[in-house]
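Here's a quick walk through one protein chain, written for someone who likes cut-offs spelled out. Have a look at the model, then read on.

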Amino acid sequence: MHDGQRLPPCTGIVIKTPDSSVHDAIIVTCSRVVSETGEKLHPLPKLTVCLADKETILDAELIHYNYHYDIALLRVSPCFPLEIPSFGQGPEYGQEVFVLARDEEVSLRVRRGEIQWLEESDIIRRDYYMFLSCEIPEGGSGGMAIDHNGKVRGMSFHCGPDSAVLSISTIVTCVDMFMQFSRIARPILGFGIRTVALLDVELQEEITNFGIKNGFIVGMVYGSDAENHGIERGNVITSINGQSALTLPQLEDFLLSFGWEYLQDNSISMKHFKLEVCDLKIRRTREINLPARFCDAAEEC
């Protein structure tokens, strides 16, 4: 920082290198290195990246950060090409993974854990998080979560009592979208949800009595359009545009895919999503065409 203080370190992942002879590389890390509660730090601290050889220290340029996904993209220019890790699919519940992170001395730290059958309903607007059964080391935010084949499945974060994981499929989509459009866009539905399949046994049994096996239960409504269409806490959304048997990370990727249409066509400002909503109190299911605006502002998402 400009006052001489150092920010807590984060780990990063080489996510993209150019196809030219120039050795610029894009590194994805946790947005906390440049923002606090969504606002960009001002003045912006000097950013440096120390490579695994512990000797190469590179100046880094912030090219984008997104508070919603808690990621920042940095550009570095080493004098030699950097290797991109092997990316797999998104993590799966119950899967064993290894979290790789660097500490302040750039020494490798490894933690073994499982992707928990857990969703934290109080993490507002980050429904897509998955959680780890292990703690991640200090400086581990931005580190790789890899599977037994060495493929990157996600990126780790310090997040409340449980360490969180962001799916690598979401990260790759965001990076590709930014590299093509210089923006990342996603629709905002205006409510927070949990998957029916991951509710505790008692709640699952109650909902099953209504003939509901898949879908999403509304935990909080924070959008005026959702409120105006009568969506309330405790409603069960049995499908979104026909999608129901999805985990929340898969649903996030599904919603994020509509951002491409929005960025490719400037005439699109709103997207209508067809929802089937069950009100358990009155035992009634209805269809809702919910309008959703797109957000592509890094600081406001």
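## Loops, pockets and packing

Asp70 sits in the loop that runs between β6 (57-66) and β7 (71-76). Helices and strands here are DSSP runs (H or I of at least four residues for helices, E of at least two for strands), numbered from the N terminus. This is a predicted model, with local features needing pLDDT of at least 70 and side-chain atom pairs counting only at pLDDT 80 or more, while totals for chains, interfaces and linings use all residues. Residues are numbered from 1 along each chain as its sequence is written, and side-chain values use heavy atoms, with hydrogens and water left out.

Back to Asp70: its phi is near 60 degrees, a positive value in a residue other than glycine. Ser182 also has a positive phi without being glycine, near 65 degrees, and its place is the loop between α1 (168-181) and β14 (186-188). Is each of these residues buried or exposed? Asp70 has a relative accessible area of 4%, so it counts as buried. Ser182 has 52%, so it counts as exposed. The cut-offs are under 20% relative accessible area for buried, over 50% for exposed and partly exposed in between (1.4 Å probe, protein chains only).

Two other loop residues go into the table with them.

| Residue | Loop between | Relative accessible area | Class |
|---|---|---|---|
| Asp70 | β6 and β7 | 4% | buried |
| Lys151 | β11 and β12 | 33% | partly exposed |
| Ser182 | α1 and β14 | 52% | exposed |
| Leu246 | β17 and α4 | 17% | buried |

Leu246 follows β17 (236-240) and comes before α4. Leaving aside neighbours within four places in sequence, Leu246 is in contact (heavy atoms within 4.5 Å) with Thr195, Phe216 and Leu251. Its C-alpha atom is separated by 17 Å from that of Ile168, 78 residues apart along the chain.

Lys151 lies between β11 (144-146) and β12 (152-157). With the same four-place neighbours set aside, Lys151 is in contact with Ser86, Phe87, Gly88, Ala145 and Ile146. The C-alpha atoms of Lys151 and Pro8, 143 residues apart along the chain, are separated by 27 Å.

There's a cis peptide bond too: it joins His42 and Pro43, with omega at about -5 degrees. Pro43 is in the loop between β4 (39-40) and β5.

Now for the empty space. Rolling a probe the size of a water molecule over the atoms shows where such space is left. On a 1 Å grid over the protein atoms alone, a cavity is a set of points where a 1.4 Å probe fits but cannot get out; a pocket is an open set with protein on both sides within 12 Å along at least five of seven lines; lining residues have an atom within 4 Å of a point. Points are joined across faces, edges and corners, and a volume is the space filled by probe spheres set on them.

The largest pocket has a volume of about 1200 Å³. Its lining has 38 residues, with Cys10, Thr11, Gly12, Val49 and Cys50 nearest the centre. β1 (12-16), β2 (25-30), β5 (47-50) and β8 (96-102) each supply at least two lining residues, and β5 gives the largest share, four. What is the make-up of this lining by class? It has 24 nonpolar, seven polar and seven charged residues. Nonpolar covers Ala, Val, Leu, Ile, Met, Phe, Trp, Tyr, Cys and Pro, charged covers Asp, Glu, Lys and Arg, and the others, Gly among them, are polar.

The structure also holds three cavities of 30 Å³ or more. The largest cavity has a volume of about 220 Å³ and is lined by 17 residues, of which Asp127, Phe191, Tyr222, Glu252 and Leu255 lie nearest its centre. The elements giving it two or more lining residues are β14 (186-188), β15 (191-195) and α4 (248-264). The largest share, four residues, comes from α4. By class, that lining has ten nonpolar, two polar and five charged residues.

Zooming out, the chain has four helices and 19 strands. Buried residues make up 49% of its 301 residues. Among contacts between residues at least 6 apart in sequence, 62% join residues at least 24 apart. The C-alpha trace spans about 65 × 45 × 40 Å along its principal axes.
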